[in-house]
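Biologist: Please take one part of this model and look at it closely. Start at the beginning of the chain and follow the contacts from there.

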Amino acid sequence: METFILKLADPRASIAAVGGKGMSLAKLANAGLPVPGGFHITTQAYRKFVSASNLQAGIEKALEAADITRPSTLETASSEI
């Protein structure tokens, strides 16, 4: 079953499912710490959107010129994406 949205404290909020920041927020919420209300849009939702919108080729093209040692190239790629 495809899962596109998870509650913030959902125990399925792993790094693979919602990314590092999402997972950290879920852990904080589950530990009873004060975390603003919210929800996760899953990586599965992102992948489905990219696929359905035929965006992967454009993303890859924009990343070809990106160089992690040159932040301006990352900004350019980000803008193109």
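**The start of the chain and what it meets**

Modeller: Glu2 is partly exposed because its relative accessible area is 41%, a value between the limits for buried (under 20%) and exposed (over 50%), with a 1.4 Å probe and protein chains only. This is a predicted model, in which local features need pLDDT of at least 70 and side-chain atom pairs count only at pLDDT 80 or more, while totals for chains, interfaces and linings use all residues. Residues are numbered from 1 along each chain as its sequence is written, and side-chain values use heavy atoms, with hydrogens and water left out.

Confidence first. The pLDDT (the predictor's confidence in each residue, from 0 to 100) averages 95 over the chain, and 100% of the residues score at least 70. Strand 2 has the highest mean, 97, and helix 4 (residues 71-80) the lowest, 94. Helices (H or I, at least four residues) and strands (E, at least two) are DSSP runs, numbered from the N terminus.

Back to Glu2. Its side chain meets that of Lys48 in a salt bridge, 3.3 Å from N to O; the term requires a side-chain nitrogen of Lys or Arg within 4 Å of a carboxyl oxygen of Asp or Glu. The pair joins distant parts of the chain, since Glu2 sits in the segment before strand 1 and Lys48 in helix 2, 46 residues apart. Lys48 is also partly exposed, as its relative accessible area is 41%.

The salt-bridge count is 2. The other pair is Asp10 with Arg12, at 2.9 Å from N to O. Asp10 is buried because its relative accessible area is 14%, whereas Arg12 is partly exposed at 48%.

Phe4 lies in the segment before strand 1 (5-7). Its relative accessible area is 33%, so Phe4 counts as partly exposed. Phe4 belongs, with Ile5, Phe39 and Ile41, to a nonpolar surface patch of about 420 Å². Patches take residues with over 30% relative accessible area and no salt bridge, joining like charges within 9 Å and nonpolar side chains (Val, Leu, Ile, Met, Phe, Trp, Tyr) within 5 Å. The areas come from the Shrake-Rupley method with a 1.4 Å probe, and for residues only the protein chains shown count as cover.

In strand 1 there is also Leu6, which is buried because its relative accessible area is 2%. Neighbours within four places in sequence aside, Leu6 is in contact (heavy atoms within 4.5 Å) with Arg12, Ala13, Val18, Phe39, His40 and Thr42. This list takes in Arg12, the partner of Asp10 in the salt bridge, and Phe39, a member of the surface patch. Met23, by comparison, is 17 residues from Leu6 in sequence and 11 Å away, C-alpha to C-alpha.

Thr42 meets this region from the loop between strand 2 (39-41) and helix 2. Its relative accessibility is 4%, so Thr42 is buried. Residues up to four places away aside, Thr42 touches Thr3, Phe4, Ile5, Leu6, Ala17 and Val18. Among these are Phe4 and Ile5, which are part of the patch.

Leu6 is also one of the 5 residues of the largest nonpolar core, along with Ala13, Ala17, Val18 and Ala26. Such a core is a set of buried Ala, Val, Leu, Ile, Met, Phe, Trp, Tyr and Cys residues joined through side-chain atoms within 4.5 Å. Helix 1 (residues 15-30) contributes most to this core, with 3 residues. In soluble globular proteins, nonpolar side chains tend to be buried together. Within the core, Ala26 is in contact with Leu8, Asp10, Ala13 and His40, again leaving out neighbours within four places. Ala26 therefore touches the buried Asp10, while Leu6 touches Arg12, the other end of that salt bridge.

For contrast, consider Leu55, in the loop between helix 2 and helix 3. Its C-alpha atom is 30 Å from that of Ala9, 46 residues away along the chain. Leu55 is partly exposed, because its relative accessible area is 33%, and beyond four places in sequence it is in contact with Phe49 and Val50.
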